[in-house]
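Okay, everyone, thanks for coming. I'd like to walk you through one model today, starting where two chains meet and then moving inside them. Have a look at the screen.

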Amino acid sequence: MTTVLLDDRGLRHDGRRVDELRPVKIEVGVLKNANGSAYIEFGKNKIIAAVYGPKEVHPKHMALPDRAVLRCRYHMSPFSTDTRKNPAPSRREIEISKVIREALEPAVLLYDYPRTAIDVFLEVLQSDGGSRCASIAASSVALADAGINMKDLVCACAAGKIADQVVLDLDDVEDKEGSGDMPLAMMPNFEQVTLFQLDGILSSQQFKQAFSFALDGCKRVYQLQKEALMKKYFGQGEPSMEESE
Amino acid sequence: MSAVKKSLVVEQLRRNQMIELLAQGKRMDGRGLLDYRAIKIETGIIPKASGSAKVTIGDTQVIAGVKVETGTPFPDTPDQGLLIVNAELLPLSSPYAEPGPPDEGVIELARVVDRGIRESQMIDVSQLVIKEGEKVYAVFADVSILNTDGNLFDTTSYAVVAALLSAKYTKYEMVDGKLRPTEVKEALPLRTIPVSVTIAKIGDSIVVDPTDEEEAVMDARLTLTTDSNGNICAGQKGEPGTFSFDQMLSGADTSRMKGQEIRNLLKEATGYTG
């Protein structure tokens, strides 16, 4: 019952080439009550990100005198997986919440909002491979939608290994049956890595290739993030130079 | 997880001082940027455990104990034994550690150490099956952190690896559908020695094996694990700072190089020759 992960034409089980991204759709401003929000579909992932803040910190002793505290909760709905997921936060979700927060933090100008909290809530309504990367992409768009000062967006994409071949953006099947997964997030305009994780055995050569695949994937996600924000704030597409003159 | 209480002013002053020193290639404790503190590995210190090890790096001290028991395999891997790695930050380990459920830092620590050992395929779990789909061996590696002075990731990982390398477990047999212990004791089926190497970015400098004081002011942390063949098998970036692309790639080289040195230490301490 094992899937053919890579066929003799070099195509993957869902027909993608090795360096092809799954279809990505990003929508900005989907929740009325949140200060900023975004919805992302990344392959079969369906994820909502909501940002509340800057706001008063509760409990009060958590407030920082010189900057905002960024808090993040990544949560999977019980119906998001093949078998029902217990709604209580798992150790996996706690770890992912932490690395997502640390991936976003370098981009947010926290010192502009002393003594406040900025909350990022992520709800995975349906999960596929790469949900943490999709979550990061959605959160950073939601932070921008909330009007929070940032020095860059954070874009994210994973590379991995199936059938001893480095590929871009693993889905669920490839994640389970493949032999390596390397999520990466970065600030594209600063060329700085803000999230990196890896499991699976990669040779030195494969590591370099996976790294460059993931960077390339990140850049494509960045374009889609920008387009989604432009669409909400400027209608269709980026205003051209001629129009603004 | 830190034993250094964070004070904004002191932290900033110490960070500035550290960055000045690092620019001259020096560290507060006199080490070079890519030097580990003294690593001490003792095995067999808890005879009741199937395998055990105490590892100290500088003033960081941890004990790992391995217990091999029998259990039921996961439904999706009926032909594989189990490996469960866990770590606990004991309240006696620092003035700021408190009893209670583990915080996110300790959960991350346990999961990153587990990942390094699991993903390297150090243990050949396919050989830990008593009866497929019904009974397998379950390898529990539990770590108690006794004293913290930075680099808990590597210290914990080396302790688990040393305990696994030196472990002996009782073989069981199936008699009339029941498990019965035998007199036979065997070493675990091992394939490789994973070694994690943790680097910290402070300002523009990269150091290995950060102390508590360095961790309190670091921008970001990167733990990369390599196997005996020099492949990279696990990784985790932590803390809200960033790494440049070059720093990431050269981090992989550093991990491979330092990893080999430490792998030899682990072999020496455990007498493992595989």
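So, chain B and chain A bury about 3,000 Å² between them, and 59% of that is on carbon and sulfur atoms. Keep in mind that this is a predicted model. If you want three names to remember on the chain B side, take B:Glu104, B:Lys237 and B:Phe245: they supply 21% of the area that chain B buries against chain A, more than any other three residues. In terms of residues, the contact takes 36 from chain B and 33 from chain A.

What about the polar side of this contact? Between chain B and chain A we count 17 residue pairs in polar contact, both residues at pLDDT 80 or more. Which parts of chain B touch chain A? Helix H2 (104–119), strand E11 (220–226), strand E12 (232–238), strand E13 (243–244) and helix H5 (245–270) each supply at least two residues to that side. H2(B) gives the most, with eight residues. And if you sort the chain B side by residue type, you get 15 nonpolar, 11 polar and 10 charged.

Now for the charged pairs. Side chains of opposite charge can pair when their charged atoms come close. Across the interface of chain B and chain A, the rule finds four salt bridges. In one salt bridge A:Glu95 pairs with B:Arg115, and their closest N and O atoms are 2.8 Å apart.

The two chains also meet strand to strand. Strand E9 of chain A, residues 192–202, is joined to E12(B) by four bridges, and the two run antiparallel. To find a spot on the screen, look for A:Leu202, whose bridge partner in E12(B) is B:Ile232.

Let's stay in strand E12 of chain B, since B:Gln236 is found there. Is B:Gln236 buried or exposed? It counts as buried, at 0% relative accessibility. Its side chain makes a polar contact of 2.8 Å with the side chain of B:Arg115. We just met B:Arg115 as the salt-bridge partner of A:Glu95. And B:Gln236 has company from both chains: leaving aside neighbours within four places in sequence, its contacts include A:Glu95, A:Val99, A:Phe196 and A:Gln197 from chain A, and B:Glu108, B:Val112 and B:Arg115 from chain B.

B:Arg221 is also in contact with B:Gln236, and it has a charged partner of its own. The side chains of B:Arg221 and B:Glu239 meet in a salt bridge, 3.7 Å from N to O. B:Arg221 lies in strand E11 and B:Glu239 in the loop between E12 and E13 of chain B, so the pair ties together parts that are 18 residues apart in sequence. The two ends sit in different settings: B:Arg221 is buried, with a relative accessible area of 3%, while B:Glu239 counts as partly exposed at 22%.

Over all chains, the salt bridge count comes to 43, so let me show you a couple more. A:Lys98 forms a salt bridge with A:Glu102, with the closest N and O atoms 2.8 Å apart. Why can these two reach each other? They are four residues apart in helix H1 of chain A, which means they are separated by about one helical turn. Both are buried: A:Lys98 has a relative accessible area of 4%, and A:Glu102 has 3%.

Compare that with B:Glu134 and B:Lys131, whose salt bridge has its closest N and O atoms 3.2 Å apart. Here B:Glu134 is partly exposed at 39%, and B:Lys131 is partly exposed too, at 38%. Then there's a whole network in chain A: A:Arg12, A:Asp14, A:Arg16, A:Arg22, A:Asp128, A:Asp169 and A:Glu174 are linked by salt bridges.

Next, a hairpin in chain B. Strand E9 (residues 195–202) and strand E10 (residues 205–208) run antiparallel, joined by four bridges. B:Ala200 stands opposite B:Val207 in E10(B). Two residues lie between the strands, and B:Gly203 in the turn has a positive phi of about 60°.

Last stop: A:Ile47, in strand E3 of chain A. A:Ile47 counts as buried, at 0% relative accessibility. Beyond residues up to four places away in sequence, it touches A:Ala38, A:Tyr39, A:Leu122 and A:Ala134, among others. That's my tour, thanks for listening!

Note on methods. Residues are numbered from 1 along each chain as its sequence is written. Chains are lettered from A and ligands numbered from 1 in the order in which they are written. This is a predicted model: local features need pLDDT of at least 70, side-chain atom pairs count only at pLDDT 80 or more; totals for chains, interfaces and linings use all residues. Side-chain values use heavy atoms; hydrogens and water are left out. Contact means heavy atoms within 4.5 Å. Buried area is the accessible area (1.4 Å probe) that two parts lose on being put together, summed over both. A polar contact is a pair of N or O atoms within 3.5 Å; within protein, one must be able to donate a hydrogen and the other to accept it, and residues adjacent in sequence count only if both atoms are side-chain atoms. Ala, Val, Leu, Ile, Met, Phe, Trp, Tyr, Cys and Pro count as nonpolar, Asp, Glu, Lys and Arg as charged, and the others, Gly among them, as polar. Two strands pair if DSSP finds at least two bridges between them. Buried means under 20% relative accessible area, exposed over 50%, partly exposed in between (1.4 Å probe, protein chains only).
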